[in-house]
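Here is a short set of exercises to work through with the model open beside you. Try each task before reading its solution.

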Amino acid sequence: MGLFADKYPEVPLAEKERLWAEVKADSRFPAYLYGCYECGICVASCPSARFYDFSPRKIAQAAAREDLELIYEQMNDDVWNCSQCFSCNRCPRQNSPGGLITIIREVAVKNGLKSAKHALEGYGRVIYKIMGTGTQVSPDMLQPDAFPDWGPQVRDVSAELDLWRRALPPETLHTTSTGWQVDEKTIIELYLIWHHTNVMDMIAEVDEGLFMILNDVMEEKLEEAGYEI
Amino acid sequence: MASDTVLIIGGGPAGLEAARLLGDLGQKAVLVEQKSVLGGRPIDESYAALTHGFRSAEEAMNELITAAQANPSVSIRTGWEVAECSGAAGDFNVRLVKSGNGTSETVNAGSIIVATGFQHFDPGRETQMYGYYEYDDVITLGDAEKMLKEHKFVIPSKGSAPERVCFIQCVGSRDRQIGNEYCSKVCCGISSKLAIEIRQQSPSTKVFIFYIDMRMYGYWENEIYWPAQEKHHVQYVKGIITEIIRKGDRLLVRGEDTTMGRPMEVPMDVVVLAVGMEPSKGTKDVAKILGLKQNKYNFIEVPHDALDPTATSVPGIFVAGAAAGPKDLDDTMSMAGAAAMKAASTIRKLQNSNSKLQSASA
């Protein structure tokens with residue numbers, strides 16, 4: 001059974017057109033889509049394409065052709081198979097299928113599409129951590145008890161975590177004890193940004209519970225700092 | 001003594017350019033054109049804009065015609081045909097016949113340039129399932145050029161602006177069953193150029209191009225293909241239409257959208273067939289009269305084409321433009337320049353060696 005076993009609802013063509021118009025109206029859109037040679041270099045470089053029925057080429061093509069039916073289908077399904085690694089930016093025409101997906105996902109979230117809620121269910125805690133503390137999940141938090149929903153492999157990874165991390169090429173050695181904490185001024189600014197750029201509205205649209213918890217945390221700190229939301 | 005006249009057969013872009021350049025060199029040239037007007041296909045078939053540069057075909061060709069006509073070394077015979085040829089390099093005798101009344105005249109020429117061009121593939125022929133002679137709204141590149149030249153691209157059967165137009169590429173080209181196995185080189189670019197012109201004249205019209213592969217080398221890529229896609233939103237779909245059927249008062253085209261991996265059946269108001277090039281009747285006739293070898297497709301054979309692209313199987317006779325196979329205008333004009341130089345130097349070399357012989361014997 002796939003991620004989208006319970007299918008997204010069919011909607012009238014006008015609704016598909018409205019969603020697509022929102023994607024096209026995004027200021028990043030013209031820089032993400034020029035023309036498509038259909039050469040397939042984006043698919044060749046795409047890690048998700050190896051594991052899912054997913055093609056960044058088809059995302060770019062559907063957008064170029066303004067194929068409303070296919071775009072709606074992709075908005076509810078394909079775009080959630082992308083890992084947003086942007087390997088597809090290798091495009092000779094300088095398209096960015098990954099960038100298009102960013103926009104399409106945002107439109108899906110803003111409009112509270114059922115598939116968006118479903119796809120983001122597993123990320124609630126990550127979002128809570130990032131938005132509550134202003135910093136990311138630190139690798140040393142990756143303990144078996146902390147993330148039971150991430151599956152049994154978390155146990156294997158966490159057992160030799162330090163070794164795994166030293167084997168990785170980038171500098172990923174920060175932990176909760178090394179500069180993880182975000183200072184008060186910064187966190188207040190982050191909260192304000194998320195409120196003023198409607199990120200909180202997006203969260204409310206996909207996960208009411210998460211929104212309430214985050215809002216409580218933020219409200220308290222913001223009030224202490226003299227801001228009223 | 002070699003004749004100092006170059007005979008040019010054909011008054012299209014290649015013939016006119018060769019005549020103009022020979023005139024500039026001070027070489028005598030006689031240009032024969034069987035039609036009553038000069039300008040070749042661009043004028044005869046009412047092309048809208050030329051590639052590259054998008055200049056009005058009529059304006060650009062008139063400039064070329066005027067330059068050839070105004071040159072005192074160039075003599076132009078419209079309405080004349082080549083009937084017979086004898087002799088060899090330096091001393092060809094070519095009998096010309098005036099169309100209609102049979103008046104005949106012989107031109108003594110030191111060298112000859114054949115610039116007899118191409119004709120468009122007839123889409124009503126053989127295995128074509130596109131109903132060109134059956135449906136008013138199935139047209140060719142030439143028909144589209146004519147409408148665009150008049151700034152009135154419409155659905156022929158209705159006279160109104162079309163909502164959806166598509167081009168079908170490689171009609172009569174790259175097809176073993178039809179016998180034209182070669183690529184006609186320019187149709188990808190011409191279709192794209194026309195698509196841009198349609199979008200400019202009628203911005204609400206959706207334009208599709210169904211293709212096998214787009215062959216847009218050189219300037220075609222960035223002057224035509226990219227802008228067609230990126231600026232004018234012409235839709236390129238890889239997959240050739242198998243047949244066109246009538247559905248109500250519209251046309252339905254059937255094919256495969258190969259990159260999306262699905263069959264397609266889409267309504268169209270106008271279908272433009274991107275007909276390829278074949279040797280013109282004039283090219284085939286003149287090749288026989290002059291005794292020139294022709295290739296498998298009846299174009300004039302160029303035996304050493306890499307380093308000598310204007311040579312024919314007969315010394316002293318040169319070829320320029322699409323008589324030697326499909327060419328775009330840039331290549332045609334370059335070839336005309338090379339042929340003019342070869343034709344003039346053939347005469348001058350023979351004249352020089354003759355005068356040396358004469359002075360040696362004196």
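## Exercise 1: a residue and its core

Setting aside neighbours within four places in sequence, B:L7 makes contact with B:V30, B:V32, B:F92, B:V94, B:V107, B:A109 and B:I112. These coordinates belong to a predicted model.

**Task.** Find which residues touch the most other members of the largest nonpolar core, and work out where this core lies relative to the two domains of chain B.

**Solution.**
Step 1. The largest nonpolar core holds 113 residues, and those touching the most other members are B:L7, B:I8, B:A18, B:I113, B:V114, B:V271 and B:V272.
Step 2. Helix α8 (residues 329-361) of chain B supplies the largest share of this core, with ten residues.
Step 3. Both domain 1 (5-117 + 280-361) and domain 2 (122-276) of chain B contribute residues, so the core lies between them.
Step 4. A second, separate core has 41 residues, among them A:L19, A:C91, A:V109 and A:M131.
As background, nonpolar side chains in soluble globular proteins tend to be buried together.

## Exercise 2: two domains

**Task.** Describe how domain 1 and domain 2 of chain B meet: how many residues of each are in contact?

**Solution.**
Step 1. Start from the domain assignment of chain B, which gives 5-117 + 280-361 as domain 1 and 122-276 as domain 2.
Step 2. Taken over C-alpha atoms, the centres of these two domains are separated by 33 Å.
Step 3. Count the contacts: twelve residues of domain 1 of chain B touch 17 residues of domain 2 of chain B.
Step 4. Sort the domain 1 side by class, and you get five nonpolar, four polar and three charged residues.

## Exercise 3: one face of a helix

**Task.** Decide how the buried residues of α4(B) are arranged around the helix axis, and what they pack against.

**Solution.**
Step 1. List the buried residues of α4(B): B:L141, B:A144, B:E145, B:M147 and B:L148.
Step 2. Look down the helix axis; the buried residues fall within an arc of 165°, so they line one face of the helix.
Step 3. Recall that an α-helix has 3.6 residues a turn, so residues three or four places apart point the same way.
Step 4. Identify the partners, which are β11 (138-140), α5 (187-201) and β18 (270-275) of chain B.
Step 5. Follow the chain past the end: just after α4(B), B:H151 takes a positive phi of about 55°.

## Exercise 4: backbone exceptions

Most residues other than glycine have a negative phi, and most peptide bonds are trans.

**Task.** Place B:H151, A:F86 and the cis peptide bond that joins B:T51 and B:H52, and say whether B:H151 and A:F86 are exposed or partly exposed.

**Solution.**
Step 1. B:H151 sits in the loop between α4 (141-149) and β12 (164-171) of chain B. Because 10 C-beta neighbours lie inside 10 Å, B:H151 counts as exposed.
Step 2. A:F86 is not a glycine, yet has a positive phi of about 65°. The loop between α6 (68-76) and α7 (97-110) of chain A holds A:F86. With 17 C-beta neighbours inside 10 Å, A:F86 counts as partly exposed.
Step 3. The cis peptide bond between B:T51 and B:H52 has an omega of about -10°. B:H52 belongs to the loop between β3 (49-50) and β4 (55-56) of chain B.

## Exercise 5: chain A, its partner and confidence

**Task.** Summarise the make-up of chain A, then its contact with chain B and the predictor's scores.

**Solution.**
Step 1. Chain A comes to 14 helices and zero strands. Its C-alpha atoms fill a box of roughly 50 × 45 × 35 Å along the principal axes.
Step 2. Of the 229 residues in chain A, 26% are buried.
Step 3. The contact between the chains takes six residues from chain A and seven residues from chain B. On the chain A side, these are one nonpolar, two polar and three charged.
Step 4. Mean pLDDT is 88 for chain A and 94 for chain B. Among the elements of chain A, helix α11 (residues 161-167) has the lowest mean pLDDT (78), and helix α1 (residues 13-25) the highest (98).
Step 5. For the complex, the predictor gives an ipTM of 0.79 and a pTM of 0.85.

Terms used:
Residues numbered from 1 in each chain as written. Chains lettered and ligands numbered in written order. Predicted model: local features only at pLDDT ≥ 70, side-chain atom pairs only at ≥ 80, totals over all residues. Domains from an automatic or database assignment. Contact = placed C-beta atoms within 7 Å. Nonpolar A, V, L, I, M, F, W, Y, C, P; charged D, E, K, R; others polar. Core = buried A, V, L, I, M, F, W, Y, C linked by C-beta atoms within 7 Å. Buried ≥ 20, exposed ≤ 12 C-beta atoms within 10 Å, placed from the backbone. Helix = DSSP H or I, 4+ residues; strand = E, 2+ residues; numbered from the N terminus. pLDDT = per-residue confidence, 0-100. Arc of directions from axis to C-beta.
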